[in-house]
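Open the model in your viewer and colour it by secondary structure. The stops below say what to select and what is there.

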Amino acid sequence: MSEIALRPVVLPAPIPVRELLPWAVFGGLMLLMAIYFIGAEEGATSLMRGTYVHEFVHDGRHLLGFPCH
Ligand SMILES: [Zn+2]
């Protein structure tokens with residue numbers, strides 16, 4: 001007889017798509033907003049007055065290779 005005690009197998013709990021979908025949509029919208037503010041919030045496509053948003057995301061804009069100046 002063996003002296004080794006077997007550990008119980010712990011399996012990850014599956015996440016139903018029905019619970020995951022709202023978070024995926026929310027994350028997708030946040031990603032699209034980030035891409036808009038970093039990539040297109042300037043000049044004719046600007047939704048906000050001034051250059052505050054552009055200056056706030058300016059480094060990210062250059063990091064991601066969007067054309068700027
Ligand atoms: Zn720039």
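The tour goes from the whole chain to one helix and then to one residue.

**Whole chain.** Keep everything selected. This is a predicted model, and the chain averages a pLDDT of 86, with 97% of the residues scoring at least 70. The chain holds three helices and zero strands, so look for the order α-α-α as you trace from the N terminus.

**Overall shape.** Show the C-alpha atoms alone and turn the view along the principal axes. The box that these atoms fill is roughly 80 × 25 × 15 Å. The radius of gyration of the chain is 23 Å, whereas a compact globule of 69 residues would have one near 11 Å. Burial can be checked in this view too: 3% of the 69 residues count as buried.

**Helix 1.** Select residues 17-39, which make up helix 1. Put a distance between the first and last C-alpha atoms of helix 1: the 23 residues reach 31 Å, close to the 33 Å expected at 1.5 Å a residue. How many of the 23 residues of helix 1 are buried? The count is one, and helix 1 is hardly covered. Colour by pLDDT next; among the elements of the chain, helix 1 has the highest mean value, 93.

**Residues 20-39.** Narrow the selection to residues 20-39, where the UniProt record, an unreviewed entry, places the feature "transmembrane region". In the model this stretch is 100% helix and 0% strand. The C-alpha atoms at the ends of residues 20-39 are 28 Å apart.

**Helix 2.** Move on to residues 52-56, which form helix 2. With the pLDDT colouring still on, note that helix 2 has the lowest mean pLDDT among the elements, 84.

**Pro12.** Go back towards the N terminus and select Pro12, in the segment before helix 1. Is Pro12 buried or exposed? Pro12 counts as exposed because it has 5 C-beta neighbours inside 10 Å, and the cut-off for exposed is 12 or fewer.

**Pro12 to His62.** Add His62 to the selection and draw a line between the two C-alpha atoms. Pro12 and His62 are 40 Å apart in space, with their positions 50 residues apart in sequence.

Conventions
Residues numbered from 1 in each chain as written. Predicted model: local features only at pLDDT ≥ 70, side-chain atom pairs only at ≥ 80, totals over all residues. Helix = DSSP H or I, 4+ residues; strand = E, 2+ residues; numbered from the N terminus. Rg over C-alpha atoms; globule rule 2.2 N^0.38 Å. Buried ≥ 20, exposed ≤ 12 C-beta atoms within 10 Å, placed from the backbone. UniProt positions renumbered as here; feature names shortened; annotations may be inferred. Expected span 1.5 Å × (residues − 1). pLDDT = per-residue confidence, 0-100.
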